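This report is written for a first-year student who is learning to read a protein structure. Please look at the sequence and the structure together before reading on.

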Amino acid sequence: MATSSPFSSLADALGKLAERIQPPDWLVDESQHRLVLFLNHVLMQEPEAQARLARQKGRVVRAQWRGFSLQLAATPAGLLELAPSAKPDLLLTVTDESPFSIAREALRGERPAVRIEGDVQFAAEVNWLVDHVRWDAEEDLARLIGDAPAHTLASIGRGAREALHRFVAGVSARAPGAARDGSDQAGS
């Protein structure tokens, strides 16, 4: 008989609560606009990404998870704009319902499982963007505080991220059902 963690019950309860709580429309709208601004900022640092998106102008991708969705259209400038009422050419649905599972996968550096429906060529371009476009936070920070302090803060951030990855990997290895060699136990 498998035993479950007391945290799994808490995670289930929080998941059910999250299903019932919906943020107000104005908050969703404002969040989506801010996300588009951020994505365009990152895209403007990658000319190849902009060129690829420009070739897809007018194409719409809809990303959805549970009750949340976001529809984005590629612009002639190779950027993105909200397209809430357009018919999507590509539908990306995150299949994992649990926000905790998705967070755990993200902390491990993994992508969540996604069901893809629609235009294959457009899906390949979106996949290329996901694989190759990265935000250079250090460069943005350097514009605000200078190169040396930005490099120092970025190094601290990378170290914290690596420590978090090691911690998550260690917790996963010690999870119920994981093989143990007994080396973490005090003397025999």
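The sections below treat the overall layout, the core, the largest pocket and several single residues.

## Basis and overall layout

The model is predicted, so to speak of local features a pLDDT of at least 70 is required and side-chain atom pairs count only at pLDDT 80 or more, while totals for chains, interfaces and linings use all residues. Residues are numbered from 1 along each chain as its sequence is written, and side-chain values use heavy atoms, with hydrogens and water left out.

The protein chain contains seven helices and five strands. Helices (H or I, at least four residues) and strands (E, at least two) are DSSP runs, numbered from the N terminus. Read from the N terminus on, the order of elements is α-α-α-β-β-β-β-α-β-α-α-α.

Of the 188 residues in the protein chain, 23% are buried. Buried means under 20% relative accessible area, exposed means over 50%, and partly exposed lies in between (1.4 Å probe, protein chains only). The chain exposes about 13,000 Å², and carbon and sulfur atoms supply 60% of that area. Accessible areas come from the Shrake-Rupley method with a 1.4 Å probe; for residues, only the protein chains shown count as cover.

A contact means heavy atoms within 4.5 Å. Among contacts in the protein chain between residues at least 6 apart in sequence, 57% join residues at least 24 apart.

## The largest nonpolar core

A nonpolar core is a set of buried Ala, Val, Leu, Ile, Met, Phe, Trp, Tyr and Cys residues joined through side-chain atoms within 4.5 Å. The largest one here has 19 residues, and Leu43, Leu90 and Leu129 touch the most other members. At least two residues of this core come from each of α2 (25–43), α3 (47–54), β2 (68–74), β4 (90–94) and α5 (120–132). The greatest contribution, five residues, is made by α5.

Which residues does Leu90 contact, leaving aside its neighbours within four places in sequence? They are Val60, Val61, Arg62, Ile116, Glu117, Gly118, Asp119, Phe122, Ala123 and Val126.

Val126 lies in helix α5 and counts as buried because its relative accessibility is 16%. Not counting residues up to four places away in sequence, Val126 touches Leu90 and Leu92. Val126 and Gln56 are 70 residues apart in sequence, and their C-alpha atoms are 9.9 Å apart in space.

## The largest pocket

Rolling a probe the size of a water molecule over the atoms shows where empty space is left. On a 1 Å grid over the protein atoms alone, a pocket is an open set of points where a 1.4 Å probe fits, with protein on both sides within 12 Å along at least five of seven lines; lining residues have an atom within 4 Å of a point. Grid points are joined across faces, edges and corners, and a volume is the space filled by probe spheres set on the points.

The largest pocket holds about 1,800 Å³ of space. Its lining has 45 residues, and Leu39, Ala63, Leu92, Val126 and Val130 lie nearest its centre. Two or more lining residues come from each of α2, β1 (60–65), β2, β4, α4 (99–107), β5 (114–118) and α5. The largest share, nine residues, belongs to α2.

By class, the lining has 32 nonpolar, eight polar and five charged residues. Ala, Val, Leu, Ile, Met, Phe, Trp, Tyr, Cys and Pro count as nonpolar, Asp, Glu, Lys and Arg as charged, and the others, Gly among them, as polar.

## Selected buried residues

The table lists four residues that count as buried, with contacts that leave aside neighbours up to four places away in sequence.

| Residue and element | Relative accessibility | Contacts |
|---|---|---|
| Gln32, α2 | 17% | Ser69, Leu70, Leu82 |
| Asn40, α2 | 11% | Leu79, Leu80 |
| Gln50, α3 | 18% | Leu43, Met44, Ala77, Gly78, Leu79 |
| Thr93, β4 | 10% | Gln64, Ala113, Val114, Arg115 |

From C-alpha to C-alpha, Gln32 and Leu72 are 9.8 Å apart in space, with their positions 40 residues apart in sequence. Asn40 and Gly78 are 8.8 Å apart by the same C-alpha description and 38 residues apart in sequence.

## A positive phi angle

Most residues other than glycine have a negative phi, and most peptide bonds are trans. Arg66, however, has a positive phi, near 50 degrees. This residue is found in the loop between β1 and β2. Arg66 counts as partly exposed because its relative accessibility is 25%.
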